[in-house]
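Work through the exercises below with the model open. Each task is followed by a stepwise solution.

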Amino acid sequence: MLPLLHPALLLLLGATLTFRALRRALCRLPLPAHVRADPLRTWRWHNLLVSFAHSIVSGLWALLCVWQTPEMLVEIETAWSLSGYLLVCFSAGYFIHDTVDIVVSGQARASWEYLVHHVMAMGAFISGIFWSRFVGGGVLTLLVEVSNIFLTIRMMMKINNAQDLLLYKINKYVNLVMYFLFRLAPQAYLTYFFMQYVGQRSLGSFLLGILLMLDIMILIYFSRLLRSDFCPERVTSPQHKDKFLTE
């Protein structure tokens with residue numbers, strides 16, 4: 001059972017409130033004219049700004065954790081460090097904040113894929129936060145945030161209709177490389193590791209189930225990315241212009 005006064009609850013609350021305060025601060029920044037003219041694009045822009053900040057901090061933090069504690073690459077279940085533990089709590093706080101932001105803003109239906117992802121991520125992080133197991137796995141999972149830096153830049157430029165800029169064209173290739181290095185590769189490695197828990201009634205098998213569902217989502221996102229940036233003639237016009245996951 002989870003203790004009602006577990007110290008991690010304060011860390012989660014603090015991280016969640018930090019991202020809430022960050023969003024309020026970022027909302028004061030000037031908006032591009034194309035974004036400012038549309039309330040939905042304005043919400044998307046602010047939401048992605050917070051996501052961008054989280055990706056920069058947590059992505060670099062995850063790299064630092066692996067550099068400081070390289071045994072996390074091998075001892076995925078038992079390797080532990082204070083920095084890695086705080087990183088997992090920090091990112092869980094972001095997922096809580098973003099989930100609340102999406103629901104309160106009335107974007108739950110359009111952003112249901114994000115909500116599913118966040119719920120699965122928080123479910124996976126529970127083992128590290130409350131039982132100090134698989135903290136190494138949580139850190140390796142957060143290497144994906146390095147890829148998200150460039151993915152978020154791409155999405156923000158699309159929202160601002162800046163696909164014709166040279167920066168977008170350069171970023172789409174950098175984004176593809178980072179997607180392989182920091183999203184597909186770590187996910188494949190973690191899936192291989194957790195396959196040892198197949199058939200067991202354990203926390204590892206529960207995490208394997210979450211990981212396999214995330215694998216499916218990542219492959220779907222990857223196919224959308226390839227279609228949109230490298231095979232645009234195959235992309236049909238979106239049926240729902242309010243969809244949060246822009247291709």
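**Exercise 1. Find which residues touch the most other members of the largest nonpolar core.**

Step 1. Set the rule: a nonpolar core is a set of buried Ala, Val, Leu, Ile, Met, Phe, Trp, Tyr and Cys residues joined through side-chain atoms within 4.5 Å. Buried means under 20% relative accessible area, exposed over 50%, and partly exposed in between (1.4 Å probe, protein chains only).

Step 2. Rank the members. The largest core has 52 residues, and W45, I76, F125, I129, F134, V139 and F194 touch the most other members.

Step 3. Assign helices, which are DSSP runs (H or I, at least four residues) numbered from the N terminus. At least two core residues each come from α1 (7–26), α3 (39–68), α4 (82–104), α5 (112–131), α6 (135–141), α7 (144–159), α8 (166–194) and α9 (203–230).

Step 4. Look for a further core. Another one, of 12 residues, lies apart from it; M120, L151, M217 and L225 are among its members.

Two notes on the numbers. This is a predicted model, in which local features need pLDDT of at least 70 and side-chain atom pairs count only at pLDDT 80 or more, while totals for chains, interfaces and linings use all residues. Residues are numbered from 1 along each chain as its sequence is written, and side-chain values use heavy atoms, with hydrogens and water left out.

**Exercise 2. List the contacts of F125, leaving aside its neighbours within four places in sequence. Do likewise for L190.**

Step 1. Count a contact where heavy atoms lie within 4.5 Å.

Step 2. With those neighbours left aside, F125 contacts V88, S91, A92, F95, G138 and L142.

Step 3. Turn to L190, in helix α8. L190 is buried, at 1% relative accessible area. Beyond its neighbours within four places, L190 touches I76, G137, L140, T141 and L211.

Step 4. Check a distance. L190 and F95 are 95 residues apart along the chain, and their C-alpha atoms are separated by 21 Å.

**Exercise 3. Count the salt bridges, then place D101–R23 and R154–D229.**

Step 1. Recall that side chains of opposite charge can pair when their charged atoms come close. Here a salt bridge needs a side-chain nitrogen of Lys or Arg within 4 Å of a carboxyl oxygen of Asp or Glu. The count is 5.

Step 2. D101 and R23 pair at 3.3 Å, N to O. D101 sits in helix α4 and R23 in helix α1, 78 residues apart. Both are buried.

Step 3. R154 and D229 pair with their closest N and O atoms 2.8 Å apart. R154 lies in helix α7 and D229 in helix α9, so this bridge ties together parts 75 residues apart in sequence. R154 is buried at 3%, and D229 is buried at 6%.

Step 4. Add a neighbour of R154. N171, in helix α8, contacts R154 as well as F150 and I153, its neighbours within four places left aside. N171 is itself buried, at 6% relative accessibility.

Step 5. Set D38–R41 beside these: the closest N and O atoms are 3.8 Å apart. D38 is partly exposed at 27%, and R41 is partly exposed at 21%.

**Exercise 4. Which residues lie nearest the centre of the largest cavity?**

Step 1. H117, V144, N148, R183 and L214 lie nearest its centre, out of 49 lining residues.

Step 2. Helices α3, α4, α5, α6, α7, α8 and α9 each supply at least two lining residues.

Conventions. 1 Å grid on protein atoms, 1.4 Å probe; cavity = no way out; pocket = protein on both sides within 12 Å on 5 of 7 lines; lining within 4 Å.
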